Every structure is written in structure tokens, then in C-alpha cells.
Amino acid sequence: MADLFMALTSLAWGLAGLTVAIMPAVALVWARRILLDPWSRFWFGQAVLLIGLLLMIGTTGLVAFWLWAVCGAVAAIKGCLLLGAPLSWRQRMLQWLGTWPPWLYRVGGTIDLALAVGLATDLIFHR
């Protein structure tokens, strides 16, 4: 069952990374929706927190366990920040993200896509 959740995590991570790498303007739209809408923020924060915990716990048998544990810890921290951050901090984050050039979003999406492919590869070849 853990492999199924890890595979779905890898798929969602890869699709999000590919979308941001191809269309960087989507990242700011997603960030605006997630940071300002309480309903979206709650569910996205819960999902990111759960995925982070699953990455930390569910990948112990994989070769690059340390990499997935660090990615899971970062995701869990992001989920906690997203759930507990005050409105003023979230608005400052949106202003800061709005100043990023499009190539920086593309690099982030490419890194996300590479990590998703790496997780899928590790799941396929080392379980």
C-alpha cells in the first residue's frame, strides 16, 4: 500500500513540476489560490504534510533514503508553515514570489520533475 501512495506522490509531483516548467505563470496563480483561499490552503497544507510524512517514513527501504527523508522533512515544514502562517506573512510571500523571473520558476519545475522521476525510478528498481 505504501508503494501505491509513493507512486501517486511521484506522479503528482512530476505533473506539477512539468506544468510549472512549461508554463511558469501557472505557479503564481497556484500560489495565490493556495495562500489566500482558506479552504484550498487547509487541504493543500494537509496533503503536503501527509506527503512529507509518507516520504520520511515510507521510503526507508529505498537506496536514496536520505534524499527522500530530506524532501519529506522539507515538505512537512512547508505544510506546517502553510497551515499556521498569518495573513501578513502569506501576503509578503506572494509579493516576493511575484518578483521572481520566469526562468526561476522553470528551474524549480525542472528540479521537481527530476525528483519525481528519481523517486519513481527508485521505487521501480529497488523494491
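The following exercises, each with a worked solution, concern helix packing, cysteines and selected residues in a predicted model.

Residues are numbered from 1 along each chain as its sequence is written, and side-chain values use heavy atoms, with hydrogens and water left out. Because the model is predicted, local features need pLDDT of at least 70 and side-chain atom pairs count only at pLDDT 80 or more, while totals for chains, interfaces and linings use all residues.

**Exercise 1. Determine how helices H1 and H6 are oriented to each other, and which residues form their contact.**

Step 1. Helices (H or I, at least four residues) are DSSP runs, numbered from the N terminus. H1 covers residues 2-22 and H6 covers residues 102-126.

Step 2. Axes are lines fitted to C-alpha atoms over the stretch in contact, and angles run from 0 to 180 degrees between N-to-C directions. For H1 and H6 the angle is about 155°, and the axes are 7 Å apart.

Step 3. Angles over 145 degrees count as roughly antiparallel. H1 and H6 are therefore roughly antiparallel to each other.

Step 4. A crossing is left-handed if the near helix is turned anticlockwise from the far one by less than a right angle. H1 and H6 cross in this left-handed sense.

Step 5. Contact means heavy atoms within 4.5 Å. On the H1 side the contact residues include Trp13, Gly14, Gly17 and Leu18, and on the H6 side they include Tyr105, Gly109, Leu113 and Ala116.

Step 6. Ala, Val, Leu, Ile, Met, Phe, Trp, Tyr, Cys and Pro count as nonpolar, Asp, Glu, Lys and Arg as charged, and the others, Gly among them, as polar. On this scheme the contact of H1 with H6 has 14 nonpolar, 5 polar and 3 charged residues.

**Exercise 2. Describe the packing of H3 against H4.**

Step 1. The axes of H3 (residues 38-58) and H4 come within 7 Å and cross at roughly 155°. H3 is therefore roughly antiparallel to H4.

Step 2. The crossing of H3 and H4 is left-handed. Their contact comprises 16 nonpolar, 5 polar and 2 charged residues.

Step 3. H4 itself spans residues 65-84 and contains Leu67. Ile77 also has its place in H4.

**Exercise 3. Describe the packing of H2 against H5, and place Leu97 in it.**

Step 1. H2 (residues 25-36) and H5 (residues 87-98) pack at an angle of about 175°, with axes 10 Å apart. H2 and H5 are therefore roughly antiparallel.

Step 2. H2 contributes Leu28, Ala31, Arg32, Leu35 and Leu36 to the contact, and Leu97 is one of the H5 residues that take part. The contact of H2 with H5 divides into 8 nonpolar, 2 polar and 2 charged residues.

Step 3. Leaving aside residues up to four places away in sequence, Leu97 touches Leu28, Ala31 and Tyr105. Leu97 and Ala31 are 66 residues apart in sequence, yet their C-alpha atoms are 8.4 Å apart.

**Exercise 4. Classify Leu97, Leu67, Leu15 and Ile77 as buried, partly exposed or exposed.**

Step 1. Buried means under 20% relative accessible area, exposed over 50%, and partly exposed in between (1.4 Å probe, protein chains only).

Step 2. Leu97, at 14% relative accessibility, is buried.

Step 3. Leu67 has a relative accessible area of 25% and is partly exposed. Its C-alpha atom is 9.4 Å from that of Leu115, 48 residues away along the chain.

Step 4. Leu15 lies in H1 and is partly exposed at 49%. The C-alpha atoms of Leu15 and Leu36 are 23 Å apart, with the two residues 21 apart along the chain.

Step 5. Ile77 is exposed, at 53% relative accessibility. Ile77 and Gly45 are 32 residues apart in sequence and 10.0 Å apart from C-alpha to C-alpha.

**Exercise 5. Explain why Cys71 and Cys80 do not form a disulfide.**

Step 1. A disulfide is a pair of cysteine sulfur atoms within 2.5 Å.

Step 2. The cysteine sulfur closest to that of Cys71 belongs to Cys80, and because it is 16 Å away, it is too far for a bond. Seen from Cys80, the closest cysteine sulfur is that of Cys71, also at 16 Å.

Step 3. The structure accordingly holds 0 disulfides.

Step 4. The accessibilities complete the picture: Cys71 is buried at 15%, whereas Cys80 is partly exposed at 48%.

Technical notes: Helices (H or I, at least four residues) and strands (E, at least two) are DSSP runs, numbered from the N terminus. Angles under 35 degrees count as roughly parallel, over 145 as roughly antiparallel, 65 to 115 as roughly perpendicular and the rest as oblique.
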